[in-house]
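Welcome, and thanks for taking a look at this structure. The briefing below starts with the whole chain and then turns to a few places that reward a closer look.

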Amino acid sequence: MNRNFALACLACAAGLAAPEPGHAQSPAAPPIVAISDIHGAYDAFIDVLRAAGLIDATLAWTGGNARLVIVGDVLDRGARSRDALELVMQLEQRAAAVRGAV
């Protein structure tokens, strides 16, 4: 997965979280960001998470009560599969601490 593909995934995910025209989104509804097929592309994964406002430069969770949905493979072809999986597990704990979810 290259960086452009990862950012395209983010653009698609942003569309999923938007309310349909004519339907107001509940103010209590948390934002949802969906990312697909990381395949161990750790650097691109971080770029997408930062662009979505879910992490900062230190990889701390900044998404508040947002929901991060990961669909498809986290592991696979990329050289940094383990790093990507470890980040997912860390973010799962950090997000839960502030009512977010991974």
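A residue is called buried when its relative accessible area is under 20%, exposed when that value is over 50%, and partly exposed in between. By that yardstick, 31% of the 102 residues of the chain count as buried. Please keep in mind that this is a predicted model.

**The chain as a whole**

- The chain contains three helices and two strands, and they follow one another along the sequence in the pattern α-β-α-β-α.
- Among contacts with a separation of 6 or more, 67% are between residues 24 or more positions apart.
- About 6000 Å² of the chain's surface is accessible, and carbon and sulfur atoms account for 56% of that area.

**Helix H2 and what follows**

- Helix H2 covers residues 42–51, and its buried residues are Tyr42, Ala44, Phe45, Ile46, Val48 and Leu49.
- Gly53 comes just after H2 and has a positive phi of about 80°.

**A nonpolar patch on the surface**

- Which residues form a nonpolar patch on the surface? They are Ile32, Val69 and Val71, and together they have about 220 Å² of accessible area.
- Val71 belongs to strand E2, which spans residues 67–71.
- With a relative accessibility of 44%, Val71 counts as partly exposed, because its value falls between the 20% and 50% cut-offs.

**Salt bridges around Arg80**

- The structure has four salt bridges, and some of them link Asp43, Arg80 and Asp83 in a network.
- Arg80 pairs with Asp43, and their closest N and O atoms are 3.3 Å apart. Arg80 sits in the loop between E2 and H3 while Asp43 sits in helix H2, so this pair ties together parts that are 37 residues apart in sequence.
- Arg80 also forms a salt bridge with Asp83, with an N to O distance of 2.7 Å.
- How accessible are the members of this network? Arg80 is partly exposed at 33% relative accessible area, Asp43 is partly exposed at 48%, and Asp83 is partly exposed at 28%.

**A salt bridge within helix H3**

- Glu86 and Arg82 join their side chains in a salt bridge, 2.8 Å from N to O.
- Why can these two be described as about one helical turn apart? Glu86 and Arg82 are four residues apart in helix H3, which means that about one helical turn separates them.
- In general, an α-helix has 3.6 residues a turn, so residues three or four places apart point the same way.
- The two partners fall into separate accessibility classes: Glu86 is partly exposed, with a relative accessible area of 31%, whereas Arg82 is exposed, with 64%.

**Ser81, in helix H3**

- Ser81 lies in helix H3, which covers residues 81–97.
- Is Ser81 buried or exposed? Ser81 is buried, because its relative accessible area is 11%, and the cut-off for buried is under 20%.
- A polar atom of the Ser81 side chain lies 3.1 Å from the backbone oxygen of Gly78.
- Leaving aside residues up to four places away in sequence, Ser81 touches His39, Gly40, Leu75 and Asp76.

Notes. Residues numbered from 1 in each chain as written. Predicted model: local features only at pLDDT ≥ 70, side-chain atom pairs only at ≥ 80, totals over all residues. Heavy atoms only, no water. Buried < 20%, exposed > 50% of the residue type's maximum accessible area, 1.4 Å probe, protein only. Polar contact = N/O pair within 3.5 Å; in protein donor to acceptor, adjacent residues only side chain to side chain. Contact = heavy atoms within 4.5 Å. Areas by Shrake-Rupley, 256 points an atom, 1.4 Å probe, with all protein chains shown as cover. Patch = residues over 30% accessible without salt bridge, like charges linked within 9 Å, V, L, I, M, F, W, Y side chains within 5 Å.
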